[in-house]
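Me: I have just opened this one and would like to be walked through it slowly. Could you take my questions as they come?

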Amino acid sequence: MTLKEDYDLLLEKSKKAIIYQMIQAQLGWDFETYMPSKGGQQRSMQFATLAKDVHKLLTDPEIGELLDRIKSDPEYTSLSETQQRNLYLINRDYERQTKIPSELVEKIAKHQVIAIETWKKAKAAKDYEMFKPELKKALDLQKKRAHYLNPDKHPYDVLLDIYEPNMTSAMITVLFNQLKEGLVPLIKKIQSASNQPDTSFLTRTCSIPIQEKLATDLSNVVHYDLDRGRIDTTEHPFTTGYYQDVRITTHYYENEFDNSLFSTMHEAGHAIYEQNLDEEFIYQPLGQAASLGLHESQSRFFENIIGRSSEFWEFYMPKFKEITGEIFADIDNKTFLHAINHVKPSKIRVTADEVTYSLHVIIRFEIERDLSEGKITVDELPKIWNQKYKEYLGVDIEDDSEGVMQDTHWAAGLFGYFPTYALGNIYNAHILHVIRKEMPNYDNLVRNGDIKPILAWLTKNVHKPASLYDPADLMQRITGEPVNTQYFIDYCTQKYSQLYGF
Ligand code: ZN
């Protein structure tokens, strides 16, 4: 076989696995949205069977043989940059997959469904003891997985690398310590400022049909293409899909319209990334986001950098008032803007403001790191969790459902995932800095609701390169320098000193 034939055969195999993974994702979406409450057992079987088949596809020994043949082919360097990158990604995935026994893959998939179901019940009952055995098991399974992947590396670094390629616990510790140093004094200044927002109007009753209308309208404003997407509801909003079918979820509470509004903007940002990956890379390993951190930079760009800016609300307020009718007729722009940017240390991560949010993530990162090092145990988690919340955010946790059980991630076995949220903040402020330099009319574009040129910039620089580069390399290409936390600290300082008047 020629080099080209080998390469094409390899890509064909990879394509099949990608399609299977799309099916898994769609079943996952159904599991979270419309599956009947008693369908769990059956779905667990479907997930386990698919996971086994996907694992078989990804560990097909022929992939290894093809990779070996291609790598040793004297014509190898005649392959293009994108072809070589596809090979690198297939090789990385193949090595990751072949190191994990299929029994473990199946065990993890089965346990995930059970742990999530238990987490839901335990959270509702505020009963950590009920969740604890499943959490222990989830952590053990992930530690085993990390050990199989690379027994010589710190297990937490192995897990981190899955979500943020080539990022280590040591690197994150440095970035997060810088964030802590910058944000903690800023939060103190904000809290002691005399100009505090009036947020009372945020709890005014806003019917679900009105909120649905806002969600659809805002999706259109930011060019989340609903002909290739849809909006449904789940307890925890998320995005799933690929190119032509990218779905988001939100949740509607009648007395928290801002909740669905900003979660829609957030998830739309994720969806926009997926919808704008380079068409040329569809069904190839290249056709996926560079990392979860970069994904989060895009969701936060639309949620916070655009969605919570004064410029955006100069544009959107008339439309907002048109859709919401009399409900907020008496609220002026300034009051509105300050309220949606209310900084208040709180217990819950998903509703945290953009300044305190990173501290929620830092707490989880430190706990995960210490758990995986065996410095702390699952039994101690509620105590440690509550201590850290008191220390970093000054809040008291009264029960574990609003404490250590608030997130679904650990039940799902997602250890090493949380840091990507705060990396998203660091990346997006850095990206904004570059956009402003390259597009001096950026603020005016937002003021006019003209998001298209901004989206075009993001597509060209962030979305389209897809997985051509590792996240740190992509950031270096976009910004011309290594990842720098200072831009996020500066962005927050400037924005919030203006809002709070200090
Ligand atoms: Zn997100």
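**Salt bridges and beyond**

Reply: Let us begin with one pair of charged side chains: Glu398 forms a salt bridge with Lys347, and their closest N and O atoms are 4.0 Å apart. The pair links distant parts of the chain, with Glu398 in the loop between α15 (381-393) and α16 (419-438) and Lys347 in the loop between α13 (333-340) and α14 (357-372), 51 residues apart. Please keep in mind that this is a predicted model.

Me: Is Glu398 buried or exposed, and what about Lys347?

Reply: Glu398 counts as exposed because its relative accessibility is 68%, and the cut-off for exposed is over 50%. Lys347, at 22% relative accessibility, counts as partly exposed.

Me: Which residue does Lys495 meet in a salt bridge?

Reply: The side chain of Lys495 meets that of Glu354, at 2.8 Å from N to O. Lys495 lies in helix α20 and Glu354 in the loop between α13 and α14, so this pair ties together parts that are 141 residues apart in sequence. Lys495 and Glu354 are both buried.

Me: Which residues are joined into one network by salt bridges that share partners?

Reply: Glu129, Lys132, Lys136 and Asp379 are joined in that way. There is also a salt bridge between Glu303 and Arg308, whose closest N and O atoms are 2.9 Å apart, and both of these residues are buried.

Me: How many salt bridges does the count come to?

Reply: By the rule used here, the count comes to 35 salt bridges.

Me: Changing topic, what coordinates the zinc ion?

Reply: The zinc ion is coordinated by NE2 of His266, NE2 of His270 and two OE contacts from Glu296, at 2.1 to 2.8 Å. Along the sequence, the spacing of these donor residues is H-x3-H-x25-E.

Me: Where do His266 and His270 lie?

Reply: Both are in helix α10 (residues 257-275), four residues apart, which is about one turn of the helix. His266 and His270 are both buried.

Me: And why is the arrangement around the zinc ion irregular?

Reply: The angles subtended by the four donor atoms run from 50 to 121°, and a tetrahedral arrangement would need all angles between 85 and 135 degrees, so the arrangement counts as irregular.

Me: What is Thr264 in contact with, leaving aside its neighbours within four places in sequence?

Reply: Thr264, which lies in helix α10, is in contact with Ala215, Ser219, Ile248 and Thr250 when those neighbours are left aside. Thr264 counts as buried, at 1% relative accessibility.

Me: Now the bigger picture, please: how is the protein divided into domains?

Reply: The division is into domain 1 (3-127) and domain 2 (169-500). The contact between them takes 28 residues from domain 1 and 29 residues from domain 2, and the centres of the two domains, taken over C-alpha atoms, are separated by 28 Å.

Me: How much area do domain 1 and domain 2 bury between them?

Reply: Domain 1 and domain 2 bury about 2,500 Å² between them, with 62% of it on carbon and sulfur atoms. On the side of domain 1, Trp29, Trp119 and Lys123 supply 26% of the area buried against domain 2, more than any other three residues.

Me: How many salt bridges does the rule find across the interface of domain 1 and domain 2?

Reply: The rule finds four salt bridges across that interface.

Terms used: Residues numbered from 1 in each chain as written. Predicted model: local features only at pLDDT ≥ 70, side-chain atom pairs only at ≥ 80, totals over all residues. Heavy atoms only, no water. Donors = N, O, S within 2.8 Å, 3.2 Å for Na, K, Ca; no water. Tetrahedral: all angles 85-135°; square planar, octahedral: opposite > 155°, others 65-115°. Helix = DSSP H or I, 4+ residues; strand = E, 2+ residues; numbered from the N terminus. Buried < 20%, exposed > 50% of the residue type's maximum accessible area, 1.4 Å probe, protein only. Domains from an automatic or database assignment. Contact = heavy atoms within 4.5 Å. Buried area = accessible area lost by both parts, 1.4 Å probe.
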